[in-house]
Amino acid sequence: YRGKHLVLGHSVAVKLMKPGKNSDHNRIQRFKREAKAVSLLQHPHIVSITDFGQTQGGQLFIVSEFVKGVTLSDILAETGPLPFSRVLRVFAQIMAAVEEAHGNQVIHRDLKPENIMVTTLRGGEDFLKLLDFGIAKVAGANPSLNVTVAGEVCGTPSYMSPEQIRGKPPTTQTDVYALGVLMFELLTGHAPFRGSTVEETLSMHLYEPRPSLVKEAPLGDVPSSMERVFQ
């Protein structure tokens, strides 16, 4: 929700955890974990949290900065594949945000266009913010920060690494794999593996060879040397 700071008067974003029919301990812990994970990070390309708490009625909330803009997913839907030069500028910001997270032992685990906001600056440049650390994992943290268990599969199928699919513990390489999928999608307009079912998509990640980036990119501006980035 879009809210208003009653003292300062500026807009904020308010995320609420809708109550379920029954008490769900894991959902509550994941919501708290998101607030704690992002609070570890201070970076211009990562959304900042300004408050976290619980209402008198028991509803948990997270208050963060309000980011004006659209998601990368919205841009892809409107324009299709992005020019190679723009993707490089976009990715420099995304990777800076991920580097900050990994430097603080935070593994995002759900990198995808829907979780990246794009604001257009006055000069026309893209300015990105990484959002949604709801299933992030804090390496070496107190168990209260990490509520998933061995064998549990978390993530979005089109961007999941093989170890995620197999339910193995995530590492920073989990995010690196998702970054590769994301770059492929920005340059071609689609994810590299697109099955007709979730199961088929997951199987393709495990067993199918990656399609050629250069051949799939319709704008024809991707240098052949980029293929080595995905090996």
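This report walks through the overall build of one protein chain and then its two sheets.

What you're looking at is a predicted model. The chain has 7 helices and 9 strands. Its radius of gyration is 18 Å, close to the 17 Å that the globule rule gives for 231 residues, so the chain is as compact as a globular protein of that length. If you laid a ruler along the principal axes, the C-alpha trace would span about 55 × 45 × 30 Å. Of the 231 residues, 44% count as buried. The accessible surface comes to about 12,500 Å², and 53% of that belongs to carbon and sulfur atoms. Now take the contacts between residues at least 6 apart in sequence: 62% of them join residues at least 24 apart.

On to the sheets. Strands of a sheet pair through backbone hydrogen bonds, either parallel or antiparallel. One open sheet here has 4 strands in the order β1-β2-β4-β3, with antiparallel pairing. Its edge strands, β1 (2–4) and β3 (49–54), each pair on one side only. From one strand to the next, the twist averages 30 degrees.

Another open sheet has 3 strands, ordered β5-β7-β8, and its pairing is antiparallel too. Here β5 (70–71) and β8 (126–130) stand at the edges with a single partner strand each, so one side of each is left without a neighbour in the sheet.

Here are two of the strand pairs up close:

| Strand pair | Bridges | Facing residues |
|---|---|---|
| β3 and β4 (residues 60–65), antiparallel | 5 bridges | F52 opposite I62 |
| β7 (residues 116–120) and β8, antiparallel | 5 bridges | M117 with bridge partner K129 |

Technical notes
Residues numbered from 1 in each chain as written. Predicted model: local features only at pLDDT ≥ 70, side-chain atom pairs only at ≥ 80, totals over all residues. Heavy atoms only, no water. Pairing = 2+ DSSP bridges. Helix = DSSP H or I, 4+ residues; strand = E, 2+ residues; numbered from the N terminus. Axes fitted to C-alpha atoms, helices over the stretch in contact; angles between N-to-C directions. Rg over C-alpha atoms; globule rule 2.2 N^0.38 Å. Buried < 20%, exposed > 50% of the residue type's maximum accessible area, 1.4 Å probe, protein only. Contact = heavy atoms within 4.5 Å. Areas by Shrake-Rupley, 256 points an atom, 1.4 Å probe, with all protein chains shown as cover.
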